[in-house]
Amino acid sequence: AVRTIDRAPGGFVARTSAGDLHAARVVLCTGAFQRAHRPAGSDSLPAGLLQIDIEDYRNAASLPPGPILVVGSGQSGCQLAEELREAGRDVVLSCGKAPWAPRRLGGRDLVWWLEASGFLDQPVAALPSPAARLGANPLATGHGGGHDLNLRTLRAMGVTLVGHFLGAAGQQARFAPDLADTVAWGDARYREIMGLLRRAADERGLPRPEIAEPGPFGGEAPEGVSLDGFGAVVFAGGFRPDFRSWLPWADAFDELGFPIQVDGASAVVDGLFFVGIHFLRTRKSSTLFGVGEDAAIVARAVAGR
């Protein structure tokens, strides 16, 4: 295990559980999911209630009896809510903004369309702001061979949808009255993605897939839920970069914790490189089928030294 990395004559020294390692250059490939994020107000929950991050969840049987509050409705949060509901648990899902799309369109998988449309090749400059790097990926699941998964499908399953989590007062969890706005935001992103898919079909000479308009959605939702009898709260609010907790170069990372870099090479620390970071170069930089492009660029840069 690498404890920290420091400058040393000729390059760097990595302090590890098996002694020191010296290197002229270092490539950090520690992954995109480093520090689980909990929202403000999470410390106000009742102390006796089990609270875990999504990375510590294993299965429904591992949680104590009772309803489950899931905080966060990105891919992991929605997939977890579906799994818990299928296991017979009552689930309250505190919802945040996330795009969504059908699992299959025109006989092809959603990921094929996202790649063909250029969606996954979008750089940071295509985002509304650098903070959008922390946004959720389009809602989908591979469970059972893959199927549609979004707030509408979860509500139809019996999951209780509420607004974003505000904190707790005693045994009462509080939620914002913003569920309708959250769904409307996701529907707007759905339409944007579907526009990209239509254009991809036209450019490739394919029939345009049948694309349905989002169905009606009633935004009514409780603004308070009693946590009496609840088994656990699972936080699924995504992850944040955590390089500063073990590296000495605080100025090498931006205000969100992402490395300040160009094509994977640190713009602050000479000889330091990164691979597998969200939006290192494009939207797919941290995915299994996208990281290879960045790795090749970084490998050429290292070899060129």
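Is Leu-45 buried or exposed? I began my notebook with this residue, and I found that Leu-45 is buried, because its relative accessible area is 7%, where buried means under 20% relative accessible area, exposed means over 50% and partly exposed lies in between, with a 1.4 Å probe and protein chains only.

**Entry: what I am looking at**

I note that this is a predicted model, in which local features need pLDDT of at least 70 and side-chain atom pairs count only at pLDDT 80 or more, while totals for chains, interfaces and linings use all residues. Residues are numbered from 1 along each chain as its sequence is written, and side-chain values use heavy atoms, with hydrogens and water left out.

**Entry: the whole chain**

I looked up the secondary structure and found five helices and 19 strands in the protein chain; these are DSSP runs numbered from the N terminus, with helices being H or I of at least four residues and strands being E of at least two. The radius of gyration of the protein chain is 22 Å, which agrees with a compact globule, because a globule of 305 residues would have a value near 19 Å. That radius is taken over C-alpha atoms, and the globule rule is 2.2 Å times the number of residues to the power 0.38. Along the principal axes, the C-alpha atoms of the protein chain fill a box of roughly 60 × 60 × 30 Å.

I then turned to the surface, where the protein chain exposes about 14500 Å², with carbon and sulfur atoms supplying 53% of it; accessible areas come from the Shrake-Rupley method with a 1.4 Å probe, and for residues only the protein chains shown count as cover. Of the 305 residues, 45% count as buried. Among contacts between residues at least 6 apart in sequence, 65% join residues at least 24 apart, and contact here means heavy atoms within 4.5 Å.

**Entry: back to Leu-45**

I placed Leu-45 in the loop between β5 (35-36) and β6 (50-53). Which residues does Leu-45 contact when its neighbours within four places in sequence are left aside? I found Gln-51, Phe-165, Ala-168, Leu-227, Val-233 and Phe-235 in contact with Leu-45. I also noted that the C-alpha atoms of Leu-45 and Ala-169 are separated by 7.6 Å, although these residues are 124 apart along the chain.

**Entry: Val-111 and Ala-140**

Val-111 is found in helix α2, residues 110-116, and I recorded Val-111 as partly exposed because its relative accessibility is 33%. Not counting residues up to four places away in sequence, Val-111 touches Arg-103, Leu-120 and Phe-289. The C-alpha atoms of Val-111 and Ala-140, 29 residues apart along the chain, are separated by 9.7 Å.

Following that pair, I found Ala-140 in the loop between α2 and α3 (151-157), and Ala-140 counts as buried at 10% relative accessibility. With residues up to four places away in sequence set aside, Ala-140 touches Gln-75, Gln-79, Arg-103, Leu-110 and Leu-149.

**Entry: Val-13**

Val-13 lies in strand β2, residues 11-16, and at 3% relative accessibility Val-13 counts as buried. Its contacts, leaving aside neighbours within four places in sequence, include Thr-4, Ile-5, Asp-20 and Leu-21. Val-13 and Val-26 are 13 residues apart in sequence and 9.3 Å apart in space, C-alpha to C-alpha.

**Entry: cysteines**

How many disulfides does the structure hold? I found zero disulfides, a disulfide being a pair of cysteine sulfur atoms within 2.5 Å. Cys-95 is in no disulfide, and the nearest cysteine sulfur, that of Cys-78, is 6.8 Å away. I recorded Cys-95 as buried, with a relative accessible area of 2%, whereas Cys-29 counts as exposed at 52% relative accessibility.

**Entry: positive phi values**

I reminded myself that most residues other than glycine have a negative phi. Phi of Asp-263 is nevertheless near 50 degrees, a positive value, and Asp-263 sits in the loop between β17 (261-262) and β18 (265-266). At 42% relative accessibility, Asp-263 counts as partly exposed.

Phe-279 also has a positive phi, of about 55 degrees, although it is not a glycine. I located Phe-279 in the loop between β19 (272-274) and α5 (291-303), and Phe-279 is buried, with a relative accessible area of 8%.
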